[in-house]
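The exercises below ask you to work through a ligand site and the pockets of a protein step by step. Keep the sequence and the structure open while you follow the solutions.

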Amino acid sequence: MPTYKKVLVAIDLTEEAPQVLNKAMEVCKAHQAELVLVHVVEPVGYAYGGDIPMDLTELQDQLDKAAREQLTAYGAQYDVREANQVVSVGRPESEIHRLAKEHGVDLVIVGSHGRKGFQLLLGSTANGVLHGTECDVLAVRIH
Ligand code: AMP
C-alpha cells in the first residue's frame, strides 16, 4: 500500500461534508499525512449566466465570507493548520486540479454520490476531479 504524505480533501460545505472529512481524517491518521482542506466558491455570475443586470459583488463577498467562516470552523474541529485551510473562487474541478499541484499533494479526496443512468451524463465533481488530477484520487461514497 502506498504511503501518502499530503492529502487534499475538497468539501462542498453541505451536511454531507463531514462524511468526506471523517474519511480524510482516517486516511491521514493511518498514513501520518498532512491534510489540506479546500472549498471552492463558485462565482455567482456563473449560476445566472451573467444575465442579471445588477452588481453581484456584495453577494459574492457575503458568500466568500460565509464559506471562509465555515471552513475555519471545520479546520478547528479537525485540527487543520490555518495555512492548510484554503478557500478559492472558480470552478470546483479546475480549482481542485490547480490546488492539488500548488500544494504538492499525493492524494485528493472527494465525495461521490454514485450517480446512475441519466445523472451520469450530467457529470459530477468527483468525475471532473478524477480526469485531470495527476495524483491518486479517492472518491468517498456518500450515503
Ligand atoms: P457533486 O458532484 O457536486 O455532488 O460533489 C461531490 C463532491 O465534490 C463533494 O463531496 C466534494 O468533495 C466535492 N465538491 C463539490 N463541490 C465542491 C466545492 N464547491 N468545493 C470543493 N469541493 C467540492
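**Exercise 1.** Determine which secondary-structure element gives the most residues to the shell around the ligand in this predicted model.

*Solution.* Begin with the elements that each supply at least two residues of the shell, which are strand 2 (34-41), helix 4 (92-102) and strand 4 (107-112). Among the elements of the structure, strand 2 gives the most, with 3 residues. Next, place this contribution within the whole shell, in which 16 residues surround the ligand, the closest being Ala10, Val40, Gly111, His113 and Thr125. Finally, sort the shell by class, which yields 9 nonpolar, 5 polar and 2 charged residues.

**Exercise 2.** Identify the polar atoms of the protein that lie close to N or O atoms of the ligand, taking 3.5 Å as the cut-off for a polar contact.

*Solution.* Take the oxygen atoms of the ligand to begin with: a backbone N or O atom of Thr125 lies 2.9 Å from one ligand oxygen atom, and a polar side-chain atom of His113 is found 3.0 Å from a ligand oxygen atom. Then turn to nitrogen, where a ligand nitrogen atom and a polar backbone atom of Ile11 are 3.4 Å apart. As a last step, consider how much of the ligand is covered: on its own the ligand has 480 Å² of accessible area, and the protein covers 89% of that area.

**Exercise 3.** In which pocket does the ligand sit, and which residues line that pocket?

*Solution.* The ligand sits in the largest pocket, whose volume is about 530 Å³. This pocket is lined by 25 residues, and those closest to its centre are Ala10, Ile11, Asp12, Pro92 and Thr125. To see where the lining comes from, list the elements that each supply at least two residues, namely helix 1 (17-31), strand 2, helix 3 (57-77), helix 4, strand 4 and helix 6 (125-130). Strand 2 again gives the most, here with 4 residues of the lining. A division by class gives 14 nonpolar, 7 polar and 4 charged residues.

**Exercise 4.** Describe the second largest pocket by its volume, its lining and the elements that contribute to it.

*Solution.* The space in the second largest pocket amounts to about 190 Å³. Of its 13 lining residues, Ser112, Ser124, Ala126, Asn127 and Arg141 are the closest to the centre. Helix 6 and strand 5 (136-141) each supply at least two residues of this lining, which divides by class into 5 nonpolar, 6 polar and 2 charged residues.

Note on methods: Residues are numbered from 1 along each chain as its sequence is written. This is a predicted model: local features need pLDDT of at least 70, side-chain atom pairs count only at pLDDT 80 or more; totals for chains, interfaces and linings use all residues. Side-chain values use heavy atoms; hydrogens and water are left out. A residue is near a molecule or strand if one of its heavy atoms lies within 4 Å of it. A polar contact is a pair of N or O atoms within 3.5 Å; within protein, one must be able to donate a hydrogen and the other to accept it, and residues adjacent in sequence count only if both atoms are side-chain atoms. Accessible areas come from the Shrake-Rupley method with a 1.4 Å probe; for residues, only the protein chains shown count as cover. On a 1 Å grid over the protein atoms alone, a cavity is a set of points where a 1.4 Å probe fits but cannot get out, and a pocket is an open set with protein on both sides within 12 Å along at least five of seven lines; lining residues have an atom within 4 Å of a point. A molecule sits in a cavity or pocket if more than half of its atoms lie within 2 Å of its grid points. Ala, Val, Leu, Ile, Met, Phe, Trp, Tyr, Cys and Pro count as nonpolar, Asp, Glu, Lys and Arg as charged, and the others, Gly among them, as polar. Grid points are joined across faces, edges and corners, and a volume is the space filled by probe spheres set on the points.
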